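Open the model in your viewer and keep the selection panel at hand. We will go from stop to stop, one selection at a time.

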Amino acid sequence: MRTEFIDPGSFRHELVLETVSTIPDGAGGYTEAWAEAGTIFARIEPLAAKSRYGADQTLEKVTHRVTLRYREDLRSGMRLRKLGRLFDIVTVHDPDETARYLVCTVTEAGL
């Protein structure tokens, strides 16, 4: 089994991990409330930026790879916050199955 080398010195971005909870709004729907679950240091690498035009509007999508130390509680559906930027976690995987690091694919929200 090949062990992947990840330089922990490149984890220079301080991010806030957030979880979502849904609150009934009394009319059959719900609102989302985001709560801080911790602070982490990670490496952020831009992957792709796409712009699509449809329905008389432009839709922007930016994806990144975020690498961080292993956490049991990290899963898709959570998000990361860095100052005014929000990153929705799409996928989470352990690149070499050693429970040392996690690599997440995220999309930048609010563009």
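The tour below visits two single residues and a nonpolar core in this predicted model.

**Stop 1: Thr 67.** Select strand β3, residues 57–69; Thr 67 is part of this strand. Is Thr 67 buried or exposed? Its relative accessible area is 1%, under the 20% cut-off, so Thr 67 counts as buried. Now show its contacts, skipping neighbours within four places in sequence. You will find Ile 6, Phe 11, Ala 42, Arg 43, Glu 45, Leu 102 and Val 103 around Thr 67.

**Stop 2: the largest nonpolar core.** Move to Val 66. This residue is among those with the most contacts inside the largest nonpolar core, which has 15 residues. Add Leu 15, Leu 68, Leu 74, Leu 80, Ile 89 and Cys 104 to the selection; they belong to that same group. Which elements give two or more residues to this core? Colour β1 (13–24), β2 (30–54), β3, β5 (85–93) and β6 (101–109) to see them.

Stay on Val 66 and list what it touches. Beyond four places in sequence, the partners of Val 66 are Leu 15, Ala 42, Arg 43, Ile 44, Leu 80, Leu 102, Val 103, Cys 104 and Val 106.

**Stop 3: Pro 8.** Select the segment before β1, where Pro 8 lies. Pro 8 has a relative accessible area of 35%, between the 20% and 50% cut-offs, so Pro 8 is partly exposed. Leaving out residues up to four places away in sequence, Pro 8 touches Arg 69 and Tyr 101. Finish with a distance: pick the C-alpha atoms of Pro 8 and Arg 52. They are 36 Å apart, with these positions 44 residues apart along the chain.

Terms used: Residues are numbered from 1 along each chain as its sequence is written. This is a predicted model: local features need pLDDT of at least 70, side-chain atom pairs count only at pLDDT 80 or more; totals for chains, interfaces and linings use all residues. Side-chain values use heavy atoms; hydrogens and water are left out. Helices (H or I, at least four residues) and strands (E, at least two) are DSSP runs, numbered from the N terminus. Buried means under 20% relative accessible area, exposed over 50%, partly exposed in between (1.4 Å probe, protein chains only). Contact means heavy atoms within 4.5 Å. A nonpolar core is a set of buried Ala, Val, Leu, Ile, Met, Phe, Trp, Tyr and Cys residues joined through side-chain atoms within 4.5 Å.
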